[in-house]
Amino acid sequence: NNLDLALNLASDSNKIVMIDFMAQWCPPCKKMDEETFSAENVIEKSDEFILVRIDVDKQEKVANQYNGNARKYGGMGIPNILFLDKEKNIIHRIVGFHDAEQLIAVMDSVLVINDK
């Protein structure tokens, strides 16, 4: 849950930072935990990224900075997954529930975009 540390790790490892903006009260966020993030293929693919989880209620400043907040706080909505390069440039963002296959497809496309 430490974005600064994640960005430092990304710089050292040349990996992309994948930020999961979520909240404890968010049903689609819980569904992502139960069905998507626990899928074996997603866990394996996640090794290619630096992962960060930001609870929009506990880390409101970070959520606001990256427009990762829930709609009720004026953000784009959650779950909200943001992909950043090591210079903090936004590569891609997805909002809403994504199943394992959908998330893998997004992760693969982000890796291709970053390689260019």
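# Exercises on a four-stranded sheet and its surroundings

Five bridges join strand S1 (residues 16-22) to strand S3 (residues 80-84), and the two run antiparallel. The model is predicted. The exercises start from this pairing.

## Exercise 1: the sheet

Task: Give the strand order of the open sheet and state which strands stand at its edges.

Solution.
- Step 1. Take the pairing of S1 with S2. These two pair in the parallel sense, over seven bridges.
- Step 2. Pick a residue pair in that ladder. Phe21 has Ile54 in S2 as its bridge partner.
- Step 3. Do likewise for S1 and S3, which run antiparallel. Here Met18 stands opposite Phe83 in S3.
- Step 4. Write the order. The open sheet has four strands, ordered S2-S1-S3-S4, and its pairing is mixed.
- Step 5. Read off the edges. S2 (49-55) and S4 (90-95) each have a single partner strand, so one side of each lacks a neighbour in the sheet.
- Step 6. Add the twist. On average, neighbouring strands of this sheet are turned by 15° against each other, direction ignored.

## Exercise 2: the packing helix

Task: Find which strands helix H5 touches, and how its direction relates to that of S4.

Solution.
- Step 1. Locate the helix. H5 covers residues 100-115 and packs on the sheet.
- Step 2. List its contacts. H5 touches S1, S2, S3 and S4.
- Step 3. Compare directions. The direction of H5 makes about 170° with that of S4.
- Step 4. Return to edge strand S2. Five of its seven residues are buried, so S2 is largely enclosed by the rest of the structure.

## Exercise 3: two residues of helix H3

Task: Decide whether Lys45 is buried or exposed, and do the same for Asn41.

Solution.
- Step 1. Place Lys45. It lies in helix H3 (residues 40-46).
- Step 2. Apply the cut-off for buried, under 20% relative accessible area. Lys45 has 17%, so it is buried.
- Step 3. Name its contacts beyond four places in sequence. Lys45 touches Ile104, Met107, Asp108 and Leu111.
- Step 4. Turn to Asn41, also found in helix H3. At 29% relative accessibility, Asn41 is partly exposed.
- Step 5. List the contacts of Asn41, again leaving out residues up to four places away in sequence. They are Ala100, Glu101 and Ile104.
- Step 6. Check one separation. Asn41 and Glu101 are 60 residues apart in sequence, with 8.5 Å between their C-alpha atoms.

## Exercise 4: the disulfide

Task: How many disulfides does the whole structure hold, and which cysteines are involved?

Solution.
- Step 1. Search the whole structure. One disulfide is found.
- Step 2. Identify the pair. Cys26 and Cys29 are linked, with sulfur atoms 2.4 Å apart.
- Step 3. Assign the hand. The angle about the S-S bond is 75°, and the link of Cys26 and Cys29 is right-handed.
- Step 4. Check burial. Cys26 is buried at 3% relative accessible area, and Cys29 is buried at 4%.

## Exercise 5: loops and a ring

Task: Where do Asn14 and Lys88 lie, and what sits over the ring of Phe97?

Solution.
- Step 1. Asn14 is in the loop between helix H1 (3-13) and S1. Its phi is near 60°, a positive value in a residue other than glycine. Asn14 is exposed, at 53% relative accessibility.
- Step 2. Lys88 is in the loop between S3 and S4. Its phi is near 75°, again positive in a non-glycine residue. Lys88 is partly exposed, at 44%.
- Step 3. For Phe97, look at Lys31. The charged end of Lys31 sits over the ring, 4.5 Å from its centre.

Notes
Residues are numbered from 1 along each chain as its sequence is written. This is a predicted model: local features need pLDDT of at least 70, side-chain atom pairs count only at pLDDT 80 or more; totals for chains, interfaces and linings use all residues. Side-chain values use heavy atoms; hydrogens and water are left out. A charge sits over a ring if NZ of Lys or CZ of Arg is within 6 Å of the ring centre and within 35 degrees of the ring normal. A disulfide is a pair of cysteine sulfur atoms within 2.5 Å. Buried means under 20% relative accessible area, exposed over 50%, partly exposed in between (1.4 Å probe, protein chains only). Two strands pair if DSSP finds at least two bridges between them. Axes are lines fitted to C-alpha atoms, for helices over the stretch in contact, and angles run from 0 to 180 degrees between N-to-C directions. Contact means heavy atoms within 4.5 Å.
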